[in-house]
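Me: I have a protein model on my screen and would like to understand the words people use to describe it. Could you take me through the reasoning behind each label?

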Amino acid sequence: MSTRRFLFVLGSARSEGNTELLARRAAEQLPAEVEQEWISLVEHPLPDFEDLRHDDDHVRPTEGATARLLDATLAATDIVIASPLYWYTLSAQTKRYLDHWSGWLRTPGLDFKARLAGRTLWGVAALAHTETVVADPLAGALRNSAAYMGMRFGGVLLGNGSKPGDVLADAEALARAKTFFAQEAPLARFPYETE
């Protein structure tokens with residue numbers, strides 16, 4: 001893929017919440033030729049994930065939210081998980097999306113892991129806490145997912161906000177948003193791996 005294509009997966013239970021506002025501020029900085037697709041997991045809900053790892057009847061989804069998210073994921077060079085910090089990790093909607101990756105890994109002919117290898121996973125999250133270390137579980141889940149898939153990981157852009165619009169008062173987060181997607185994302189590694 002020569003042209004970059006960003007998929008923004010919105011995992012908030014609230015539309016136009018702080019996480020989405022911060023993600024949109026960061027996306028404004030992308031060059032005009034970079035394609036963007038925004039998918040809200042509330043507007044396009046995935047069914048509960050059914051673990052069929054040891055079954056042989058995996059088929060590629062062809063309709064509905066599952067097919068749309070799969071196609072958008074495969075078409076993206078960069079996947080941005082925009083999930084607020086809910087109970088110190090990813091939202092339920094976001095976790096369900098990542099759980100579906102497990103099924104797509106086992107879908108014959110899809111080569112999901114091989115196709116995502118080398119692409120970049122990013123995170124954006126708003127949290128209602130002044131100590132950003134409480135978001136480490138969210139960041140770790142994304143980093144480890146990227147490492148397992150052989151992807152690059154651009155890190156997580158964090159902003160502070162609870163009430164709608166609060167993040168727009170977080171000057172430091174807005175400043176980081178200006179250059180967040182411009183950084184070079186390294187190949188993701190598990191914490192136990194050495195370089």
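Me: Why is R115 called partly exposed?

Reply: Happy to help, and please keep in mind that this is a predicted model. R115 has a relative accessible area of 36%. Buried means under 20% and exposed means over 50%, with partly exposed in between, so at 36% R115 is partly exposed.

Me: Where does R115 lie, and what is it in contact with?

Reply: R115 lies in helix α4. Leaving aside neighbours within four places in sequence, R115 is in contact with L74 and L110. R115 and D78 are 37 residues apart in sequence, and their C-alpha atoms are 12 Å apart in space.

Me: What makes R119 buried?

Reply: The same kind of check applies. R119 has a relative accessible area of 14%, and the cut-off for buried is under 20%, so R119 counts as buried. R119 is found in the loop between α4 (112–116) and β4 (120–127). Its C-alpha atom is separated by 9.2 Å from that of M149, a residue 30 places away along the chain.

Me: And E20, how do you know whether that one is buried or exposed?

Reply: E20 has 12% relative accessibility. Buried means under 20%, so E20 is buried. This residue belongs to helix α1 (residues 18–27). Apart from neighbours within four places in sequence, E20 is in contact with L10 and S15.

Me: Let's turn to the rings. Why is the pair of Y97 and W104 called edge-to-face?

Reply: Two values settle this. The ring centres of Y97 and W104 are 6.2 Å apart, and their planes are at 75°. Rings pair if their centres lie within 6.5 Å, and planes over 60 degrees apart count as edge-to-face. Both conditions are met, so Y97 and W104 form an edge-to-face pair.

Me: Are those two residues buried or exposed?

Reply: Y97 is buried, at 0% relative accessibility. W104 is also buried, with a relative accessible area of 3%.

Me: How many aromatic pairs are there, and what is the geometry of W87 and Y88?

Reply: The structure holds 13 aromatic pairs. W87 and Y88 form one that is edge-to-face, at 6.4 Å centre to centre with 75° between the planes. W87 is exposed, because its relative accessible area is 78% and the cut-off for exposed is over 50%. Y88, at 43%, is partly exposed.

Me: What else can you tell me about the backbone at W87 and Y88?

Reply: Phi of W87 is near 50°, a positive value in a residue other than glycine. Phi of Y88 is near 70°, again positive in a residue other than glycine. W87 lies in the loop between β3 (78–82) and α3, and Y88 is in the loop between β3 and α3 too.

Me: Which residues form an aromatic cluster, and which charges sit over rings?

Reply: One aromatic cluster is formed by F6, F8, W38, W122, F180 and F181. R24 lies over the face of W38, at 3.9 Å from the ring centre. The charged end of K113 sits over the ring of Y148, 3.9 Å from its centre.

Me: Now the helices. Why are α3 and α5 called roughly parallel?

Reply: Two packed helices are described by the angle between their axes and the distance between the axes. Helix α3 (residues 92–105) and helix α5 (residues 136–149) pack at about 10°, with their axes 12 Å apart. Angles under 35 degrees count as roughly parallel, so that label fits α3 and α5. The contact is made by L98, W101 and L105 of α3 and L142, S145, Y148 and M149 of α5. By class, this contact has 6 nonpolar, 1 polar and no charged residues.

Me: What makes α2 and α3 roughly perpendicular, then?

Reply: Helix α2 (residues 64–75) and α3 pack at an angle of about 80°, and their axes are 11 Å apart. The range for roughly perpendicular is 65 to 115 degrees, so α2 and α3 earn that name. T66, L69, L70 and T73 of α2 meet Y97, H100, W101 and W104 of α3. By class, the contact of α2 with α3 has 5 nonpolar, 3 polar and no charged residues.

Conventions
Residues numbered from 1 in each chain as written. Predicted model: local features only at pLDDT ≥ 70, side-chain atom pairs only at ≥ 80, totals over all residues. Heavy atoms only, no water. Phe/Tyr/Trp six-rings, centres within 6.5 Å; stacked < 30°, edge-to-face > 60°. Buried < 20%, exposed > 50% of the residue type's maximum accessible area, 1.4 Å probe, protein only. Lys NZ or Arg CZ within 6 Å of the ring centre and 35° of its normal. Axes fitted to C-alpha atoms, helices over the stretch in contact; angles between N-to-C directions. Helix = DSSP H or I, 4+ residues; strand = E, 2+ residues; numbered from the N terminus. Parallel < 35°, antiparallel > 145°, perpendicular 65-115°, else oblique. Contact = heavy atoms within 4.5 Å. Nonpolar A, V, L, I, M, F, W, Y, C, P; charged D, E, K, R; others polar.
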